[in-house]
Every structure is written in structure tokens, then in C-alpha cells.
Amino acid sequence: MVALQKFTNLIQLFDYFKDDQTCRNYLETIRWNGQIVCPYKDCGCEKVFKYSNGKVYKCSGCKKQFSVRVGTIFEDSKISLKKWFAAIYLITAHKKGISSLQLHRDLGVTQKTAWFMLHRVRHTFGLSTGAEKLQGTCEADETFIGGKEANKHKSKQTEGTQGRSVKTKSAVAGIVERGGELRAVKVADTSGYNLRKFVYQNLQFGSSIHTDEWWGYNGLAHNFKHKFVKHNEGEYCKDGVHTNTLEGFWSLLKRGVIGIYHSMSNKHLQNYIDEFVFRYNSRDYSDSFRFDSMLNNINTHLTYKQLINARDNRKMETQQGAFGF
Ligand SMILES: [Zn+2]
């Protein structure tokens, strides 16, 4: 894929997407590339006519009419495509993400609308994760996202929540191919079963895998070249064996979560993780290419109800409830 239109800032984006018709045409090209397909479920007919107003299509299969928004995250939304495009640009171009409060100010929409736009866009981040297994030299590591019990008032502290307990925190497993793609998912806990399952799902047999000495990774040597560093003994890199790439990613994710998403709800955690993973994996993209990649993923309709009840079956679930920061 080549970026269709090059822009390096918001002014250039607005100069190009000067009206909604330009946005519609752009979306049509990204979505269908000349071969319009009926977006209705169980139809998918390729015989589609476009009305001369440039806004409405009609399917000759199911006879239904539709706009370019149907079946995308923009469906059922009264917000102009121009604002949606600006939102996608702002969300993906900001290295640390953007809050709904900031988006509300930048776009001149209510904060509730900004929150909804953010979540719809965020919903599509996870769709860019590749299906192929990682290979070469990889690192696996796990972390915990959530309130530090020690920082809470005594009455708010929960017993037995320090260390690896997931009573008030969520465990996240990650794997990264050095110089390549990173993947991260919420896991129920950091048991050997969950961590090894995650590695097996994402890593090609025979590849090198570096971890710390956590026992959860024991047994990987059966199918991978497993090497580890002893973090407990203050060892962080020995003979090129380290998990520094993932450690760097965890600190970015945590700073983002604490700095921007103050009241992040646990049920949306995977979407936040996906957002940071997308940002990491598209680190070498130009802003235009990153924008086009996101538009490529918009073929997913998400209703308000689905958003509120967000439960992504693809991910491993953990306990419910909000975090304590
Ligand atoms: Zn149809």
C-alpha cells in the first residue's frame, strides 16, 4: 500500500480534505479501490451502481442503498467525515495518544462525542496485528497495569495484591521480534500456562526467545532457543540476551495510561494496549501512511451498546472492574 495523499500536518490534511465529498471519494478508494462491494451482511454483491450525487450506492443484488460509511466505524454517526479524518490523524500522529478532553477541544465536539470517536477509532487498532508468527530473535516479557497499592490510602488497599497478584491489576503478556513487530495481550495471570500459550501462539518453532528468569517461561527450550537474564540478580543484558525492547514498550504504555487515560476502565484495557502496539509497529511509517493504514481498518461497525459492553473474544479476559488511579 502506498499513501494516497501525502500530508505532514493537520493544516495540509484540512487543505486536502476540504469538503465531505473529497473525504467520501478518498474513503471509497481506500475501501474498495475501484471495485465497490455491497457492505450488507450475507450479500457482498459486486454489481453496485453509484448515484450521480456521489453519495449513495445501490446494490443490484439485495436492492439496498448505502453510503460509503455503512459497515464502518463511521456508520450511524452524524459527525462529518472531515472531523473523523482529523480525529484519526490526531489520534495516530500523537506519539503518546490523546485524551477525549483534548480531542473535544481540538475538534469542537462535546467530550462525550470525543470519547465515543476515540473508542471507535481505538477499536480498529487491534485489527492490524499480523497473523504470521514472529521469528528470528524475539523477547517475551510480562507486566502489570493498574494502581500501585502502596500509593493508595490504607483503607483502599487490598490485601494480597502486591507482586504478581491480579486482584487490583491486570497482567499483560508481550512478545517482540527484534527490529520487527510487537504483540501484547491482557492475560488472566502470569501463570506458566498463559505465558507459554502466548509464546506458542506467536512464535515460530526454532526461533530464539529471550526472557527473564520467571518460572512461567520454563519449558520453552523444548521448541525454541530459550535464553534468559537474571533480573533478580541485577543482570539486564548478558551476551546480547535481554528484554530491553519490551521493557521500553512497557514504560511507554504505563506512562501513557497514567498520563492520559486517568480513569481507564479495565474492560477497555486491550483497546489501549492495541493503540500503543499499533503506534510501536508503525513507528517507521510517515503520518500519511499511518493514516491510510488506519482507514484501511475501518470496516468494522461498532454500536454504542457494543462499545459499552465491549468484550473482545479474541483476547484473553481477566477480572472485571476499574483501575484505582
Ligand atoms: Zn447487496
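This passage describes a zinc site, two sheets, three helices and two loop residues in a predicted model.

The model is predicted: local features need pLDDT of at least 70, side-chain atom pairs count only at pLDDT 80 or more, and totals for chains, interfaces and linings use all residues. Residues are numbered from 1 along each chain as its sequence is written, and side-chain values use heavy atoms, with hydrogens and water left out.

The zinc ion has four protein donors: Cys38 (SG), Cys43 (SG), Cys59 (SG) and Cys62 (SG). They lie 2.2 to 2.3 Å from the ion. Donors are N, O and S atoms within 2.8 Å of the metal (3.2 Å for Na, K and Ca); water is not among the atoms, so sites may look incomplete. The angles among the four donor atoms run from 106 to 116°, and the site is tetrahedral. Four donors earn that label if all angles lie between 85 and 135 degrees. Along the chain the donors follow the spacing C-x4-C-x15-C-x2-C. Cys38 is buried, at 4% relative accessibility. Cys43 is partly exposed, at 29%. Buried means under 20% relative accessible area, exposed over 50%, and partly exposed in between (1.4 Å probe, protein chains only).

One zinc donor, Cys59, also takes part in a sheet. Helices (H or I, at least four residues) and strands (E, at least two) are DSSP runs, numbered from the N terminus. The open three-stranded sheet has the order β1-β2-β3, with antiparallel pairing. Two strands pair if DSSP finds at least two bridges between them. β1 and β3 are the edge strands, each pairing on one side only. β1 and β2 are joined by three bridges in the antiparallel sense. Cys59 in β2 is the bridge partner of Val48.

Helix α2 (residues 20–32) packs against this sheet's strands β1 (48–50), β2 and β3. Its buried residues also pack against α1 (10–16), α3 (81–93) and α9 (287–296). Contact means heavy atoms within 4.5 Å. Among the buried residues of α2 are Cys23, Tyr26, Leu27, Ile30 and Trp32. Its 13 residues should span 18 Å at 1.5 Å a residue, and its end C-alpha atoms are 18 Å apart, which agrees. The expected span is 1.5 Å times one less than the number of residues.

The second open sheet has five strands in the order β6-β5-β4-β7-β8, with mixed pairing. β6 and β8 stand at the edges with a single partner strand each, so one side of each is left without a neighbour in the sheet. The twist averages 25° from one strand to the next. β4 pairs with β7 (residues 208–212) in the parallel sense over three bridges. Ile209 in β7 is the bridge partner of Cys138. Helix α8 (residues 269–281) packs on the sheet, touching β4, β5 and β6. The direction of α8 makes about 170° with that of β6. Axes are lines fitted to C-alpha atoms, for helices over the stretch in contact; angles run from 0 to 180 degrees between N-to-C directions. The buried residues of α6 also pack against β4 (137–146), β5 (169–177) and β6 (182–187). Leu195, Phe198 and Val199 are among these buried residues of α6 (residues 192–202).

Most residues other than glycine have a negative phi. Lys63 has a positive phi of about 65°. Lys63 sits in the loop between β2 (57–59) and β3 (65–66) and is exposed, at 55% relative accessible area. Asp239 has a positive phi near 50°. Asp239 lies in the loop between β8 (225–229) and α7 (244–259) and is exposed, at 76%.

Key. Four donors count as tetrahedral if all angles lie between 85 and 135 degrees; four count as square planar and six as octahedral if opposite donors are over 155 degrees apart and all others between 65 and 115; anything else is irregular.
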